[in-house]
Amino acid sequence: MSKQLNVALIGNPNTGKTSVFNALTGLNQKVGNYPGITVDKKQGICKLSRGVKAHVLDLPGTYSLNASSLDENVVIELLLNKNDKDYPDVAIIVSDVENLKRNLLLFTQIKDLKIPTILVINMSDLMRRKGISLDIELLEAKLHTKIALVSTRKNRGIDELKQLIETYKTISTEPCLDTTLIDADYFQSLQKAFPNQDVYKLWLVITQDANFGKITRQELDISKFKTKSNHELKRLQQKEAIKRYQFINTILKEGQTIDRSKATDLRSKLDRLLIHKVWGYVIFFIVLLSIFQAIYDWATVPMDLIDTTFASLAEWVKNTFPGGGMVTDLVAEGIVSGIGGIVIFIPQIAFLFLFISVLEESGYMSRVVFLMDRVMRRFGLSGKSLVPLISGTACAIPAVMATRNIENWKERLITILVIPFTTCSARLPVYLIIIALVIPEGTIIGLSYQALTLMALYLIGFGMAILSAYILDRILKTKHKTFFVVEMPNYKLPLLKNVIITVIEKTRTFVFEAGKIILAISVILWVLASYGPGDKFNNAEAYVKATSASQTTYERSDQVAAYKLEHSYIGLVGKAIEPLIRPLGYDWKVGIGLVASFAAREVFVGTLATIYSVGSANEGENIDTIKTKMANETYADGTKVFTLASGISLLLFYAFAMQCMSTLAIVKRETKSWKWPILQLIGMTAIAYICALIAFQFLK
């Protein structure tokens with residue numbers, strides 16, 4: 001029977017912790033949330049020798065065990081709680097070879113918790129180029145640990161790290177230094193008051209809002225302990241940090257040498273260009289434009305292949321399933337068509353995540369955040385707001401969670417309220433199908449009209465977020481001044497393995513999370529579209545025969561299918577809201593898509609795919625793809641439903657309307673009130689309706 005070890009991966013932000021995690025676990029990983037908290041919990045399995053497996057938990061980045069955010073608090077609460085199922089048998093502290101002094105502060109704190117601790121010095125391939133040399137034996141002796149020199153880029157040191165994990169019981173749990181000397185009397189009295197508890201863990205419980213195992217502050221009865229004032233505790237924390245750095249400086253003087261003459265100034269040269277007050281914005285704009293052009297150019301062939309494959313699959317199901325009937329129609333028209341309407345966009349979504357991953361891996365995204373802080377300040381936001389806004393291009397839900405790093409409540413609230421204006425990946429399928437329908441093919445200075453339209457929608461969404469923030473700032477009257485601090489990581493070539501794992505994980509999450517909703521809604525929609533009340537639905541053929549002239553069999557069948565759909569349950573819903581949406585240029589079928597897509601934006605395309613497939617009569621004649629069916633859709637007078645005017649109107653509606661019910665739920669959770677999500681829903685819907693109305697009436 002195989003054993004399983006619990007391994008906690010801990011480190012400062014930007015030390016390459018994710019690269020080490022990916023190197024250990026590969027694709028044997030999953031992402032969830034900590035119970036009751038909307039903070040990412042990334043975990044994976046690492047296979048060691050002799051049937052031993054390591055359960056690796058990648059904890060949020062933290063600079064120390066003095067928590068200043070919810071993410072950092074997660075780290076402390078796990079390390080203090082021996083009863084937690086994820087409590088580590090061994091902790092791995094990932095450090096950056098260029099920032100060893102700063103990274104060792106966290107290392108020495110975790111050593112005080114008496115957990116077997118391995119020090120990983122990452123990016124070791126840079127040592128020669130940066131003129132850094134380390135005396136590993138001396139450092140191991142002084143720090144009472146084992147050190148693994150790792151380069152995930154060169155794939156070096158990972159096997160050695162796995163061996164250290166397996167032999168973790170041989171690693172000393174002796175602390176690096178005695179921090180109780182900062183106030184010996186206080187810590188002695190603390191130990192006397194709680195003789196069965198570890199004094200450093202008690203110190204952490206006293207100085208911050210963390211739990212000590214299953215024992216709360218009240219059960220420890222710390223309130224009865226004659227403790228110090230908050231001001232005095234802060235002074236002691238500062239003394240602790242100074243004492244730790246004195247120890248770190250002493251051992252690094254002996255164990256580390258740096259030849260400054262070998263250091264290069266490439267980073268400073270790149271920074272002068274990429275965060276320049278003019279050229280920085282120009283370069284960022286060019287990068288964005290290139291991304292959207294590539295999304296269109298590279299994804300065309302696989303998208304066409306997927307489109308025709310699903311159309312053929314639906315046809316095959318109808319022709320192959322025995323006996324036909326309701327089950328066959330459900331599979332072909334409900335399930336296959338609905339899922340096909342989403343799967344077609346996997347190539348473009350994968351490319352979007354690919355580019356975002358490359359920007360983050362290279363260190364460029366931090367420069368963009370710093371650059372945009374200058375702009376954001378004028379609109380009542382800070383540079384920290386840009387991280388959630390950019391995260392919103394993937395999904396609004398984690399983006400809203402990411403606002404927890406914004407200390408000022410009003411700035412955080414404004415950021416939460418405007419995040420849904422940024423174009424999330426769920427909107428991408430809607431944009432792509434509508435743009436393909438109404439925007440002509442062609443180029444201007446080598447850039448396609450369709451790629452320019454897509455980029456314009458992203459910029460419009462971001463622009464509306466900024467404008468809304470400005471208005472909210474004036475309404476809420478934010479006066480509290482905050483300061484923006486961001487760490488600039490070193491530039492590096494993106495690690496191919498990291499990029500591939502990110503793309504696969506993000507795309508897989510998108511497809512499966514969306515797929516659950518789409519599958520359920522597709523089945524419901526198929527049922528609602530295949531059945532209806534009253535005589536008009538049940539005797540549709542007789543009504544069509546009585547009201548139309550003689551036609552071919554296929555034309556008559558098409559008319560019967562359309563008539564039945566119009567008088568089905570879903571048709572009645574669409575007809576009920578049609579008077580409200582007709583001024584925007586939409587018919588009742590589009591109305592059904594609007595209603596269904598409140599579950600998730602990407603459901604719009606799957607909904608229309610299902611609706612246009614129900615009762616399709618031309619089986620065996622032509623394989624009509626979703627795009628073709630939408631392009632051929634007409635009103636009773638023969639005019640097309642999807643024109644430039646109605647298409648632009650629909651694009652603007654989706655650019656500004658509230659994304660989905662899940663976003664509303666997470667906003668409620670983060671603001672702890674229904675007031676803000678309801679105001680958000682009403683405000684965004686009103687903006688979307690007015691903009692779509694003006695666009696259609698002007699362009700038609």
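A residue counts as buried when its relative accessible area is under 20%, as exposed when over 50%, and as partly exposed in between. The exercises below use a predicted model.

**Exercise 1.** State what share of the residues of the protein chain count as buried, and how many helices and strands the chain has.

Solution. The chain has 700 residues, and 53% of them count as buried. Its secondary structure comprises 31 helices and 11 strands. On the outside, about 32200 Å² is exposed, with 59% of that area supplied by carbon and sulfur atoms.

**Exercise 2.** Decide whether Lys-492 is buried, partly exposed or exposed, and find the patch to which Lys-492 belongs.

Solution. Start with the location: Lys-492 sits in the loop that links helix H20 (449–476) to helix H21 (496–530). Next, take its relative accessibility, which is 32%. Partly exposed covers the range between 20% and 50%, so Lys-492 counts as partly exposed at 32%. Last, the patch: Lys-492 joins Arg-153, Lys-154 and Arg-156 in a positive surface patch.

**Exercise 3.** Place His-144 in the chain and list its contacts beyond four places in sequence.

Solution. His-144 falls in the loop between helix H5 (136–143) and strand S8 (146–149). With neighbours within four places in sequence set aside, its contacts are Lys-111, Ser-172, Glu-174, Pro-175 and Cys-176. For the pair His-144 and Lys-111, the sequence separation is 33 residues and the C-alpha to C-alpha distance is 8.7 Å. For the whole chain, among contacts with a separation of 6 or more, 74% are between residues 24 or more positions apart.

Terms used:
Residues numbered from 1 in each chain as written. Predicted model: local features only at pLDDT ≥ 70, side-chain atom pairs only at ≥ 80, totals over all residues. Heavy atoms only, no water. Helix = DSSP H or I, 4+ residues; strand = E, 2+ residues; numbered from the N terminus. Buried < 20%, exposed > 50% of the residue type's maximum accessible area, 1.4 Å probe, protein only. Contact = heavy atoms within 4.5 Å. Areas by Shrake-Rupley, 256 points an atom, 1.4 Å probe, with all protein chains shown as cover. Patch = residues over 30% accessible without salt bridge, like charges linked within 9 Å, V, L, I, M, F, W, Y side chains within 5 Å. Salt bridge = Lys/Arg side-chain N within 4 Å of Asp/Glu carboxyl O. Lys, Arg positive; Asp, Glu negative; His and termini not counted. Charge placed at Lys NZ, Arg CZ, Asp CG, Glu CD.
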